[in-house]
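Visitor: Could you walk me through this structure and explain the words people use for it?
Guide: Gladly; here it is.

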Amino acid sequence: MADARDTICALASGPPPSAIAIVRISGPRVREICASVFEAGLPAPRRSVFGRFVDVSRETIDEGLGIFMPGPKSYTGEDTAELYLHGGSAVIDHALDAICEFPDTRLAEPGEFTRRAFENGRVDLVEAEGIADLIDAETRAQKSLALNQLDGALSAQYAKWREKLVEALALLEVSIDFPDEEDAPDETTSPVTNVLDSIRHAFIEALQDDEVGERIREGFRIAIVGPPNAGKSSLLNRLARREAAIVSDIPGTTRDVVEVRLKIGGQIVWIADTAGLREAGDAIEAEGIRRARERAEAADLRIHLRAADENVDFSEAGAGDLNVVNKSDRKAYPAEEGVFILSTLTGDGLADLESAIADIVSAKANRTIAPLITRKRHRLSLQTSLFHVEQALDLLGRGGGAELVAEDVRLAARQLSSLVGEIGVEEVLGAVFSSFCIGK
Ligand SMILES: Nc1nc2c(ncn2[C@@H]2O[C@H](COP(=O)(O)OP(=O)(O)O)[C@@H](O)[C@H]2O)c(=O)[nH]1
Ligand SMILES: [Mg+2]
């Protein structure tokens, strides 16, 4: 990322043409830019003013509303301004060109406004991720997850745990500072153990969430599995309502995993069509089958598909999987509890399967009201933190020295600090902010 002292500008609204375009500016030159670009001069703070916008040669850019928001109480914490223009590309280009005429002023990189907000302490890292997620949210569930993260609810929980760890640390310091006092260890060890134990329980509980936060954010994974020619690719195409996978009567046609992204039951769902499970014909098919099994194992839901005119055997299916018999147009299959009967050729029975998938997925999503962990980064931090807490408890149990225990507690606390970005690891910051769109 470039120098924070530059003044940055960007189109903050969607691509042109649109009714209105919002151009955003942030940085030390905002006052100077507004004083010149707003024809009537620098407006009063936080007041929207209507007027003409002009470039350095006093040529009209457009007319519209403008707001000047002085730092530090602005989105980025710096002086910022927003121009509401007509949303045509010539207007937007002219406005951005005119602003970039000013010294040390340039177009913003993706996420740079939010990065500055983070650097100026306006949001922490978890909240910044919430902002990005809110913009990317396609489902209500994703939206409420993002809002919960953006308003600091998650950060508050992590902060609370961190405080507890610091509390444990303080108790340990007592026994480090007064090692000779007879009763010191007994008096302090037990409260430390209690604090650490309650944190351990809280971490384990948060981690045992079936990854529901990640699934809501990234999508639930469904795998269609079964023998060759059962109609797996046909089913995928039916669910996707397009020809995503190749259908043929040649067994072994599907060799790699074909995935489509759909919205079912108010959730994002990835449905994977896989190679038919059989003795492989060649090395490529064998690899396809290996991938099929791997995908099935990792999936949140498996659809076991069989053809009615073949040997129907669901012995591989596990509890919670969906058992489906296809090609009912070719051969009638007797109704059976827990088995969906359909024909991807005629479409019979498909609606029932779809609504069953919807029910399962939304039940999974609604298992917890507000899952804590929404991405791998959080999970890894929490797991590492838990590791150190357990290490500390183990040491305490074996009568280990307070210094050693304290070191693990410190490492556990550090993980939570880096999670919210208090201790900035540059690569983490880069990874988080580069996923943003320009203008945010
Ligand atoms: N009669 C009938 N044929 C089907 C049905 N579904 C798939 N097929 C046919 O079965 C063959 C294998 O289908 P495909 O989707 O490629 O199966 P996959 O190997 O499991 O992916 C193709 O010739 C399809 O046209 C169905 O419901 N009824
Ligand atoms: Mg196939």
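Visitor: What makes helix α9 and helix α11 roughly perpendicular to each other?
Guide: In this predicted model, the axes of helix α9 (residues 232-240) and helix α11 (residues 350-365) cross at roughly 75°. Angles from 65 to 115 degrees count as roughly perpendicular, so the two helices earn that description. Their axes come within 11 Å.

Visitor: Which residues make the contact between them?
Guide: On the α9 side they are L235, R238 and L239. From α11 come L350, L353, E354 and I357. By kind, these residues divide into five nonpolar, no polar and two charged.

Visitor: How do you know that S234 makes a polar contact with ligand 1?
Guide: An N or O atom in the side chain of S234 is 2.6 Å from an oxygen atom of the ligand. The cut-off for a polar contact is a pair of N or O atoms within 3.5 Å, so this pair qualifies. T344 passes too, as an N or O atom in its side chain is 2.7 Å from a nitrogen atom of ligand 1. With A230 the backbone takes part: one of its N or O atoms lies 3.2 Å from an oxygen atom of ligand 1.

Visitor: How much of ligand 1 does the protein cover?
Guide: On its own, ligand 1 has 580 Å² of accessible area, and the protein covers 87% of that. Around the ligand are 17 residues, the closest being N229, K232, S234, D329 and T344.

Visitor: What makes R46 worth pointing out?
Guide: Most residues other than glycine have a negative phi. R46 is not a glycine, yet its phi is positive, near 55°. You will find R46 in the loop between α1 (30-37) and β3 (49-54).

Visitor: Which peptide bonds are cis, and where do they lie?
Guide: One runs from P16 to P17, with omega near -5°; P17 sits in the loop between β1 (7-11) and β2 (18-26). Another runs from G71 to P72, with omega near 0°, and P72 belongs to the loop between β4 (60-69) and β5 (80-87).

Notes
Residues are numbered from 1 along each chain as its sequence is written. Chains are lettered from A and ligands numbered from 1 in the order in which they are written. This is a predicted model: local features need pLDDT of at least 70, side-chain atom pairs count only at pLDDT 80 or more; totals for chains, interfaces and linings use all residues. Side-chain values use heavy atoms; hydrogens and water are left out. Axes are lines fitted to C-alpha atoms, for helices over the stretch in contact, and angles run from 0 to 180 degrees between N-to-C directions. Helices (H or I, at least four residues) and strands (E, at least two) are DSSP runs, numbered from the N terminus. Angles under 35 degrees count as roughly parallel, over 145 as roughly antiparallel, 65 to 115 as roughly perpendicular and the rest as oblique. Contact means heavy atoms within 4.5 Å. Ala, Val, Leu, Ile, Met, Phe, Trp, Tyr, Cys and Pro count as nonpolar, Asp, Glu, Lys and Arg as charged, and the others, Gly among them, as polar. A residue is near a molecule or strand if one of its heavy atoms lies within 4 Å of it. A polar contact is a pair of N or O atoms within 3.5 Å; within protein, one must be able to donate a hydrogen and the other to accept it, and residues adjacent in sequence count only if both atoms are side-chain atoms. Accessible areas come from the Shrake-Rupley method with a 1.4 Å probe; for residues, only the protein chains shown count as cover.
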